[in-house]
Amino acid sequence: MSNQLDSLRQFTTVVADTGDFETMRKYRPTDATTNPTLILKAVQQPDNRPLLEKVVADNRNSPGSELADQLLVAFGREILDIIPGRVSTEVDARLSFDAQASIERARQIIALYQRAGIERERVLIKLASTWEGIQAAKVLQAEGIRCNMTLLFSLPQALACAQAKVQLISPFVGRIYDWHKKAAAAQWDESANAGAADPGVQSVKRIYDYYKAYDIATEIMGASFRNIGQIQALAGCDLLTISPDLLNELSSSTEPLVRKLNPDEAKKNAPVWMASNEVAFRTELNQDAMATEKLAEGIRVFVADAQKLDAVIAEARQK
């Protein structure tokens with residue numbers, strides 16, 4: 001009898017949201033995503049210590065930023081030895097409001113991959129979905145460097161990404177859910193906000209319906225899940241990036257899994273076309289308290305973990 005993970009693969013590309021190599025070998029995802037938090041966690045595992053030490057030994061005289069990117073690429077290369085598809089590697093979150101610096105770091109990451117014999121088609125550069133990040137992605141996409149826009153919480157962000165012709169967006173389901181649950185406090189009703197009624201699920205469906213109704217080529221990858229109910233409600237999304245715990249839950253369940261998102265259904269009820277430019281982006285994002293707060297918070301968290309990763313590298317460098 002097939003499990004829910006196998007059923008999901010029939011209409012959604014399964015992506016591993018982890019830097020753990022054994023998880024990828026076990027669950028056989030097509031792609032994998034990483035971020036500063038996941039790499040920080042992975043690099044502190046004893047099994048991965050030799051990888052860190054080798055990167056530091058081979059690049060001892062490199063500037064700090066290049067050494068950090070070398071480490072990200074080293075993890076990416078290991079991941080690409082396991083999976084058949086693409087790995088997402090993130091540009092330093094400290095550059096989230098600097099388009100030109102983001103472009104330069106993305107080029108550096110791609111050059112490191114190419115030097116290691118990895119073709120650029122197997123790498124997605126992750127950038128925060130700020131206006132500056134999206135404009136950086138527009139330039140990179142035109143150069144053939146494919147981008148994955150992260151920390152995406154709203155339709156205006158998704159529309160700007162579509163205009164930039166980015167490869168992929170990663171709307172964050174769980175963090176949207178977290179915000180609404182916290183805002184409702186004692187009034188929160190879990191059962192009334194589950195499945196298709198989950199605010200994070202609804203946000204991704206809104207983006208999915210818009211993209212499919214207007215034949216936007218950018219891929220949609222739901223991310224940041226808190227429970228398998230959110231995943232089940234988005235079955236049919238282009239891609240879903242899933243943590244090890246939830247991959248395990250899906251693989252352990254033999255309950256039927258029904259496709260919930262479908263391009264044909266989206267086209268039947270096409271939403272109103274919306275203009276997208278810098279003024280509209282900033283205005284609409286500012287009007288959305290949840291998206292504004294979660295974008296800022298997400299950048300702060302990734303910056304903090306990038307700084308911790310720098311400290312881990314610096315410590316290894318001194319040995």
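**Exercise 1. Overall build**

What percentage of the 319 residues in the protein do buried residues make up? Then describe the fold in outline, using secondary structure, extent and contacts.

*Solution.* The model is predicted.

Step 1. Take burial. Of the 319 residues, 55% are buried.

Step 2. Count the elements. There are 15 helices and eight strands.

Step 3. Check the radius of gyration. A compact globule of 319 residues would have a value near 20 Å. The protein has 19 Å, so the two agree.

Step 4. Get the extent. Along the principal axes, the C-alpha trace spans about 55 × 50 × 40 Å.

Step 5. Look at sequence separation in the contacts. Take contacts between residues at least 6 apart in sequence; 68% of these join residues at least 24 apart.

**Exercise 2. Surface and charge**

State how much accessible surface the protein has, and where the mean positions of its charges fall relative to each other.

*Solution.* Step 1. The accessible surface comes to about 14100 Å². Carbon and sulfur atoms account for 49% of that surface.

Step 2. Tally the charges: 37 positive and 41 negative.

Step 3. Compare their mean positions. These lie 2 Å apart.

**Exercise 3. Cysteines**

How many disulfides does the structure hold? Test C147 and C237 by distance, then by burial.

*Solution.* Step 1. Recall the bond. A disulfide is a covalent bond between the sulfur atoms of two cysteines. The cut-off used here is a pair of cysteine sulfur atoms within 2.5 Å.

Step 2. The structure holds zero disulfides. For C147, the nearest cysteine sulfur belongs to C161, 9.6 Å away, and C147 is in no disulfide.

Step 3. Repeat for C237. Its nearest cysteine sulfur is also that of C161, at 14 Å, and C237 is in no disulfide.

Step 4. Add burial. C147 has a relative accessible area of 0%, so it is buried. C237 is buried too, at 0% relative accessibility.

**Exercise 4. Positive phi**

Where in the structure are K165 and A185 found? Give the phi of each residue and decide whether each is buried or exposed.

*Solution.* Step 1. Place K165. It sits in the loop between α8 (155–163) and β6 (168–171).

Step 2. Read its backbone. K165 is not a glycine, yet its phi is positive, about 60°.

Step 3. Apply the exposure cut-off, over 50% relative accessible area. K165 has 64%, so it is exposed.

Step 4. Place A185. This residue is in the loop between α9 (173–184) and α10 (199–213).

Step 5. Its phi is near 50°, again positive in a residue other than glycine. At 52% relative accessible area, A185 is exposed.

**Exercise 5. Two helix residues and their partners**

Locate S252 and P36, classify each by accessibility, and list what lies across the chain from them.

*Solution.* Step 1. S252 belongs to helix α12 (residues 244–252). Its relative accessibility is 54%, so S252 counts as exposed.

Step 2. Find a partner far along the chain. S252 and L5 are 247 residues apart in sequence, with their C-alpha atoms separated by 8.3 Å.

Step 3. Turn to P36, in helix α3 (residues 36–43). With a relative accessible area of 9%, P36 is buried.

Step 4. Take its C-alpha separation from L72. The two residues are 36 apart along the chain, and the C-alpha atoms are 8.8 Å apart.

Step 5. List the contacts of P36, leaving aside neighbours within four places in sequence. They are E90, F302, D305 and A306.

Conventions. Residues numbered from 1 in each chain as written. Predicted model: local features only at pLDDT ≥ 70, side-chain atom pairs only at ≥ 80, totals over all residues. Heavy atoms only, no water. Buried < 20%, exposed > 50% of the residue type's maximum accessible area, 1.4 Å probe, protein only. Helix = DSSP H or I, 4+ residues; strand = E, 2+ residues; numbered from the N terminus. Rg over C-alpha atoms; globule rule 2.2 N^0.38 Å. Contact = heavy atoms within 4.5 Å. Areas by Shrake-Rupley, 256 points an atom, 1.4 Å probe, with all protein chains shown as cover. Lys, Arg positive; Asp, Glu negative; His and termini not counted. Charge placed at Lys NZ, Arg CZ, Asp CG, Glu CD.
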